Amino acid sequence: MQLDRGYLIVFEGIDGTGKSTHCRLLGDFLASRGIPVVRLYEPTRGFWGQKIRGILKDGRGDVTPEEELSWFVNDRREDVEQNIAPALKEKRVVLLDRYYYSTAAYQGALGFSPEAIVRDNEAFAPRPDRVFLFTLSPEKSLKRVDGRGEKSSFERADYLEKVQRIFAAFDDPVIQRVNTEPPVDEVHARIRQAVLELIAQDAL
Ligand code: TYD
């Protein structure tokens, strides 16, 4: 199936809310319908993404908040140039696990202005067609993360509470909040419906 344009669909929310599961399920579903789709995630595996993964694994050490913020932004710049923009140009559906809303929330929680982060990112990063913002209490999402046994240094309860408060305050018409407490199939069905409507609306 040929789309009339590319679509950028973003999954956001704190760790353990189910972003990667739903990104995968939606990707498989769209591919099964013959819709050209590409799945991406940030931080990437690129140069800046690797530096970021270092601090996720070993802690922030002497990396300053300013440096941390710039690494996420540099990583995104690279992702936009190398992956996101080309895929949109090829009229694919791009499913993106985290984007600049994460920077606004996570680095905003370090003291930067979330609004300024969004503004700076939107100067180079395409605005999404839809953001599925997953809501689940930090307590429940941390339980899921604990179950995976791979907790990163960003997954401390008090930090995630702050991150969650910033996510909760976002007020942007592209954001659709999704409670990921119900069973995976149910949540997937809602997301799938929303995406088919989004694509069909434009096709009309
Ligand atoms: P995550 O999606 O958990 O990656 P993975 O599952 O591959 O380990 O993202 C890693 C962490 O990075 C997560 O705790 C959120 C954080 N993060 C930021 O702080 N700012 C950002 O801009 C992004 C994209 C992620």
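Biologist: Ser102 lies in helix α4. What makes a run of residues a helix here?

Modeller: Helices are DSSP runs of H or I with at least four residues, strands are runs of E with at least two, and both are numbered from the N terminus. This is a predicted model, in which local features need pLDDT of at least 70 and side-chain atom pairs count only at pLDDT 80 or more, while totals for chains, interfaces and linings use all residues. Residues are numbered from 1 along each chain as its sequence is written, and side-chain values use heavy atoms, with hydrogens and water left out.

Biologist: Why does Ser102 count as buried or exposed?

Modeller: Its relative accessibility is 8%. Buried means under 20% relative accessible area, exposed over 50%, and partly exposed in between (1.4 Å probe, protein chains only), so Ser102 is buried.

Biologist: Which class does Lys91 fall in, and why?

Modeller: Lys91 has a relative accessible area of 32% and is therefore partly exposed. Lys91 sits in the loop between α3 and β3 (93–97), and its phi is near 60°, a positive value in a residue other than glycine.

Biologist: What makes a positive phi worth a remark?

Modeller: Most residues other than glycine have a negative phi. Arg98, in the loop between β3 and α4, also has a positive phi, near 80°. Arg98 is buried, because its relative accessible area is 12%.

Biologist: Which residues are closest to the ligand?

Modeller: The ligand is surrounded by 13 residues, and the closest are Asp15, Arg98, Thr103, Tyr106 and Gln107. A residue is near a molecule if one of its heavy atoms lies within 4 Å of it.

Biologist: How do you know that Arg98 makes a polar contact with the ligand?

Modeller: A side-chain N or O atom of Arg98 is 2.7 Å from a ligand oxygen. With the ligand, a polar contact is a pair of N or O atoms within 3.5 Å, so this pair qualifies. By that cut-off Asp15, at 2.8 Å from a ligand oxygen, and Arg53, at 3.1 Å, qualify too.

Biologist: Which elements give two or more residues to the shell around the ligand?

Modeller: They are α2 (47–58), α3 (65–89) and α4 (100–107). Helix α4 gives the most, with four residues.

Biologist: What is the peptide bond from Glu42 to Pro43?

Modeller: The bond is cis, with omega near -5°. Most peptide bonds are trans. Pro43 is in the loop between β2 (37–41) and α2.

Key:
A polar contact is a pair of N or O atoms within 3.5 Å; within protein, one must be able to donate a hydrogen and the other to accept it, and residues adjacent in sequence count only if both atoms are side-chain atoms.
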